[in-house]
Amino acid sequence: MAAAQPTFAYVIGHKNPDADSICSAIAYAAFKEAKGERGYVAARCGNTNARIDVILERFHTPLPFYLNDVYPRVNDMMVSNPLVVQEDATCAEALGILDEHHVTVLPVVSPRKRAVGTLTLAQLGHFFIPRLAEPRAMRQVRTSLAYIVKALNASVLHTVDEQKIEDLFVRIGAMDVGTFWKISERENITPGQSVIILGDRRDIQQRAIELGVRALIVSGNLPVDPAIVALARQHHVSIIVSPHDTATTAWCVRTASTVEGLVERNFTALNPDTRIAEVRKKFGQGSPHAMMVTGEDGQLQGILTKSDILKPVPTRLVLVDHNELTQAVPGADEVIITEIIDHHRLGPIATPQPILFINEPVGSTCTIVADLFRRHGVEPSPDIAGLMMSGLISDTLLLQSPTSTPKDADVLAWLERFADIKAKALAKLIFSSGSVILASPPDKVVRSDFKIYEEEGVRFSVSQVEELGFDNFWQHAKTLNRALGELRNDERLAFTCLLVTDINTQNSLMLVKGDPEFIRRISYPHVEKDEIFDLPGVVSRKKQLIPYLGSLLKEMTAEGVTPTFRGRTKTPFSKAG
């Protein structure tokens with residue numbers, strides 16, 4: 001049976017990625033490739049922005065592969081191009097496949113590869129088990145003489161309509177010629193439906209031919225008198241010579257039956273895009289061992305067995321620039337995370353096995369990836385070096401962010417040796433590449449570099465955009481306010497913030513949507529009551545803003561305030577009790 005699809009490891013940043021997330025994913029996949037490790041693919045979960053597009057264009061790099069989610073699906077776990085039989089195949093053919101390939105179920109298809117049912121070893125076994133209460137059924141086979149010849153590897157002396165599929169009844173011609181036909185008469189079996197297996201008994205051969213049986217099968221490669229052959233031609237009776245003894249011949253003729261009548265046609269077809277989590281519910285007690293996977297046209301695409309869904313999921317993830325599942329591509333918790341390369345705080349994440357986890361308190365993930373190149377003696381190409389510089393410069397605001405470290409500066413200088421551009425020139429290109437606020441609709445702006453957090457049991461989000469001045473923000477403040485409120489309701493968050501950072505002055509404005517009680521506690525100056533705050537000197541979400549918001553939540557919890565989301569028209573907080 002054909003193997004499942006090959007395994008890939010997607011190197012992917014957080015949802016709604018920023019430049020560091022995209023660039024570090026591309027660079028780490030290139031690092032793996034340079035070390036001879038195959039199968040690592042740079043990916044993204046979200047749209048890019050004008051800044052990222054400028055960076056990728058400058059360094060001649062295509063967008064990473066887009067992943068909407070990584071939920072394991074039938075298509076990931078099924079056996080593609082499985083072994084099949086057509087519905088006019090013989091039991092011998094089906095048994096041969098089952099025995100040779102050690103499988104217990106076969107899809108049955110039409111000549112155009114449409115799924116028509118399944119055939120199991122148990123069904124075939126039931127067909128061959130003697131049914132003493134039904135002797136007539138034990139002798140019945142639906143087949144053709146051509147199939148019988150093939151099953152026996154027999155030689156043909158004379159055949160008539162050998163391709164015709166018909167219901168035949170097999171008899172052994174071992175009794176006296178006087179009683180030979182009485183059983184068939186008693187069971188109302190006509191000569192034209194009868195196949196007689198016998199040896200070199202000329203009297204029975206002649207009697208059967210004169211009755212006009214459908215075929216004689218002479219066992220043991222015994223010779224047949226030419227006169228008998230001539231008589232058979234005269235009466236339109238087929239004569240076949242089997243190389244086997246009589247008992248084996250009778251068994252082989254039984255295997256020449258077509259599987260058409262044995263096929264289980266009441267089957268469950270799966271869509272290849274169905275999530276494995278949903279399929280597991282269908283594989284309950286008493287369910288079939290395997291289910292066929294079909295396209296919209298009914299054509300067979302694969303087969304999924306109970307054992308397949310117990311196998312390890314083939315999808316592998318390397319998380320870069322994040323380590324919290326709330327920020328990861330949907331479905332990350334259902335696949336295998338093999339590595340994490342990050343520079344943020346540790347979030348609640350568990351893996352079923354040990355993994356490579358590199359977490360450093362530096363200004364960007366690209367700093368960590370570039371340092372891996374350096375420590376392993378791998379020289380990055382000019383484009384890869386430029387991408388890592390871009391991620392580092394974007395996340396540290398050209399080393400001006402409070403998250404910047406001496407290592408960031410050291411790595412940036414090292415990367416300049418390989419790139420075809422200097423850091424200051426690249427920073428100018430990046431930060432003048434266009435306004436996210438002007439280039440995107442409000443609902444996209446508030447999801448730009450958007451991350452969901454959880455502190456003190458409260459789910460909230462912070463988005464961040466970087467601008468050259470605040471003019472563009474003020475022109476669109478009202479529409480951004482509405483979009484941020486919609487985002488809060490869509491994601492069912494206690495509150496949500498948009499941090500707009502001015503790269504020139506290293507200051508930020510913060511737009512907040514949430515409960516008035518929470519907003520009241522924000523100590524930064526109000527620019528507009530209960531909506532926009534001035535955050536002088538704040539440029540880092542992870543090092544400055546998140547710790548501050550966390551302190552407010554701890555304060556509320558200590559006072560007995562229970563933060564929850566209560567819908568569009570109600571506040572997200574209420575006094576306990």
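This is a selection-by-selection tour of a predicted model, covering a sheet, the helices on it, a helix pair and a cavity.

**Stop 1: the sheet**

Select the strands E3, E2, E1, E17, E18 and E19, taken here in their order across an open sheet of six strands with parallel pairing. Strand E3 (65-66) and strand E19 (356-359) are at the edges; each has a single partner strand, so one side of each lacks a neighbour in the sheet.

Next, narrow the selection to residues 9-12 and residues 316-320. These are strand E1 and strand E17, which pair in the parallel sense over four bridges. Show side chains for Ile-12 and Leu-319: Ile-12 stands opposite Leu-319, which belongs to E17.

**Stop 2: helices on the sheet**

Keep the strands displayed and add residues 19-34, which form helix H1. Helix H1 packs on the sheet and touches E1, strand E2 (40-44), E17, strand E18 (336-342) and E19. Its direction makes about 175 degrees with that of E2.

Then add residues 365-375, helix H13. Helix H13 lies across E17, E18 and E19, and runs at about 100 degrees to E18.

**Stop 3: H2 and H16**

Hide the sheet and select residues 50-58 (helix H2) together with residues 423-431 (helix H16). The two axes come within 9 Å and cross at roughly 135 degrees. At that angle H2 counts as oblique to H16, because the value falls outside the range of 65 to 115 for roughly perpendicular and is not over 145, where roughly antiparallel begins.

Show side chains at the contact. From H2, pick Arg-51, Val-54, Ile-55 and Arg-58; from H16, pick Leu-429, Ile-430 and Phe-431. Colour the contact by class and it divides into five nonpolar, no polar and two charged residues.

**Stop 4: the cavity**

How many cavities of 30 Å³ or more does the count give? The count comes to one. The largest cavity has a volume of about 390 Å³. To centre the view, select Asp-18, Asp-395, Asp-449, Gln-464 and Glu-466, which are the closest to its centre among the 28 residues that line the largest cavity.

Now bring back the elements that give two or more residues to this lining: H1, H2, helix H14 (382-396), strand E20 (450-455), strand E21 (458-467) and helix H22 (541-558). H1 was met on the sheet, and H2 in the pair with H16. E21 gives the most to the lining of the largest cavity, with three residues.

Finally, colour the lining of the largest cavity by class: seven nonpolar, eleven polar and ten charged residues.

Key:
Residues are numbered from 1 along each chain as its sequence is written. This is a predicted model: local features need pLDDT of at least 70, side-chain atom pairs count only at pLDDT 80 or more; totals for chains, interfaces and linings use all residues. Side-chain values use heavy atoms; hydrogens and water are left out. Two strands pair if DSSP finds at least two bridges between them. Contact means heavy atoms within 4.5 Å. Axes are lines fitted to C-alpha atoms, for helices over the stretch in contact, and angles run from 0 to 180 degrees between N-to-C directions. Angles under 35 degrees count as roughly parallel, over 145 as roughly antiparallel, 65 to 115 as roughly perpendicular and the rest as oblique. Ala, Val, Leu, Ile, Met, Phe, Trp, Tyr, Cys and Pro count as nonpolar, Asp, Glu, Lys and Arg as charged, and the others, Gly among them, as polar. On a 1 Å grid over the protein atoms alone, a cavity is a set of points where a 1.4 Å probe fits but cannot get out, and a pocket is an open set with protein on both sides within 12 Å along at least five of seven lines; lining residues have an atom within 4 Å of a point. Grid points are joined across faces, edges and corners, and a volume is the space filled by probe spheres set on the points.
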